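Visitor: I would like a close look at one part of this model, with the reasoning spelled out. Please start with the sheet and what packs on it, and then turn to the aromatic rings.

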Amino acid sequence: MASAFLAKRALTSSRTAISTRNIVQIVGTASTCNNSSEHSSKGVFFGAIDQGTSSTRFVVFNDALNPVASHQVKVNQRYEHPGWADMDPEEILQSVNTCAQSALDKAGVSPSQLAGVGVTNQRESSIVWDRNTGEALAPCILWFDDRTKPICAKLTEELGGNPQVLSQESGLRINPYFSAFKLRWLLENDEKVKKAAEAGAAAFGTVESFLLWKLTDGKQHITDCTNASRTMLMDLKSLDWSDKLIDSLLSGISGDPDIRKMLPNKIVSNSEDYGTVQMEGPLKGAKLTGAIGDQQSALVGQQCFDRGQMKNTFGTGQFLLLNTGKEMIMSDKGLLTTVGYKMGIDDPVTYAIEGSVAVSGVGIKWIIESLGFGENPEDIVNLASSVESTKGLYFVPAFNGIMAPHWKPDARGIMIGLTNYHKKEHVCRALIEALCFQCRDVVEAMGVDPQLIKVDGGVSQSDFAMQILSNLTKRPVERPKNVETTALGAAISASIGSGHFSGISELRESLPNLGKIDVRFEPNALADADFRYEQWGRAIERCIGWETHHVPPKKP
């Protein structure tokens, strides 16, 4: 990619002061209600289901796409074995109903007043259910679960030893992150899934597909193109299921299940009429008009509609997406090629390159719950900001391996440079800096020079953390007033799908102040920024290759 890929933008304002803004939303444990007196003068509202790894929320927006009310609840994760992570699909569904009921009550809005509802979700996380009974046949395997490492290693070897052998079709690499391998594991290891698949009763989908099926009372087994692009089973050019990818990744399974029959019947755009909610509950009668994966939803919510614009979302993990327009750009630096969005049946697809980092909020959650260094994320930031540096301590939070741009599933977390001088404050600061170094890893791999990093999500609410991000990446950082851009992206998708806006152009013309910037952080010149980044690279090298599958010999 040419260096001229990104247009330079003038620096409009600066703010370098460091403060510790409240960041209680980092791990998604709080119930919230953002009430607003600015109700729609037209009585038109949109709903956004935002189903994430740590929490679910429902947000009501007015016709100007301002949030009117919201409700959020925590969802539980299970870690039954090292590297495993899953969730109860029925709890996911119940959390959606709970949040929708509370948010609509707070807003004083009925389902009939919703012109459209958009769904955004944790991507790659995979569910198999019985299409006859609607029962989930197994837990939802989460996106960062790595139980499929042996499957991926075997497939890579069978396909010639190159994990990127199918990237031209899928944009992805063979890795436990993606849904195809979770489906294969379930078909090979879960008896209920095996039997249902052999009987032709098993249905597979990512979280939005499961929710759309449930909400329409089984009438719609569909998935949107952004979520489908993360299964490693969709052809990026045709936006349809690929026989080559299915045969390469899901053949040779005992019982010879009909994979095509398990997959969603149709891959749809992010904005169109999917049908009406028919399931009994708070949303019955509402129209479903938007569906989009959470990171693409944040790209839309940040209004990164122009080629070269980039956003970084701090959630459970950390995800950087760069809009590449109508061009599919294949990275040779460890980044992924994915669908950015497609706002309507006849709208051309916009592509993106992505750097997916496994650890962000989950690292802060680990420090709280496993090390007991504080009671909430704000405590961690306060501890981190109480020291001027880490004093040479580096923390690589590779709990389940390292994702972009390194892609080393055998890596494990380390703290290096540790001395008897170090205290919990230095550990907390080392984690905050690790999040920023991981961002720089991805930015450096993009092959272009992004002039600006747009941020959103939990950690972005901390002025302290965002100033460090600006300093260590040596780039300006902008944060919008509404950092919950994922829900906003779902509302934008729903508003276009409902016909309220004809497309992105009309939306931009009608709402020029949507996504107004709260603060811009300018990088402070740090003499040792590059040296510290080099040290971070050394720490990365030392954590790679730690996890092995060696089995000790049995005692005689």
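**A sheet, its helices and the rings**

Guide: In this predicted model, helix 6 (residues 207-215) lies across four strands: strand 1, strand 5 (114-121), strand 13 and strand 14 (287-293). Its direction is at about 145° to that of strand 5. Helix 10 also packs on the sheet, where it touches strand 5 and strand 14. The angle between helix 10 and strand 14 is about 100°.

Now the sheet itself. It is open and has six strands, in the order 3-2-1-5-14-13, with mixed pairing. Strand 3 (67-74) and strand 13 (271-276) each have a single partner strand, so they stand at the edges and one side of each has no neighbour in the sheet. From one strand to the next, the twist averages 25°. Strand 1 (residues 45-51) and strand 2 (residues 55-62) run antiparallel and are joined by seven bridges. I49 shows one such pairing: its bridge partner in strand 2 is F58.

Next come the rings. Over the whole structure, a search finds 15 aromatic pairs. One of them joins F305 and Y341: the ring centres are 5.9 Å apart and the planes stand at 85°, over the 60 degrees required, so this pair is edge-to-face. F305 is in the loop between helix 10 (294-301) and strand 15 (310-314), while Y341 is in strand 17 (residues 336-341), so the pair ties together parts 36 residues apart in sequence. F305 has a relative accessible area of 8% and is buried. Y341 is buried too, at 3% relative accessibility.

The pair of F437 and W536 has another geometry. Here the centres are 5.3 Å apart and the planes are at 20°, which is under 30 degrees, so the pair is stacked. F437 belongs to helix 13 (residues 424-445) and W536 to helix 17 (residues 529-543), so parts 99 residues apart in sequence are tied together. Both F437 and W536 are buried.

Ring pairs can also link up into a group. W143, F144, Y177, F178, F319 and W407 form a cluster in this way.

Finally, there are charges over rings. The charged end of R440 sits over the ring of Y533, 4.2 Å from its centre. R147 has its charged end over the ring of W185, at 4.6 Å from the centre of that ring.

Conventions
Residues are numbered from 1 along each chain as its sequence is written. This is a predicted model: local features need pLDDT of at least 70, side-chain atom pairs count only at pLDDT 80 or more; totals for chains, interfaces and linings use all residues. Side-chain values use heavy atoms; hydrogens and water are left out. Rings of Phe, Tyr and Trp (its six-membered ring) pair if their centres lie within 6.5 Å; planes under 30 degrees apart count as stacked, over 60 as edge-to-face and the rest as tilted. Helices (H or I, at least four residues) and strands (E, at least two) are DSSP runs, numbered from the N terminus. Buried means under 20% relative accessible area, exposed over 50%, partly exposed in between (1.4 Å probe, protein chains only). A charge sits over a ring if NZ of Lys or CZ of Arg is within 6 Å of the ring centre and within 35 degrees of the ring normal. Two strands pair if DSSP finds at least two bridges between them. Axes are lines fitted to C-alpha atoms, for helices over the stretch in contact, and angles run from 0 to 180 degrees between N-to-C directions. Contact means heavy atoms within 4.5 Å.
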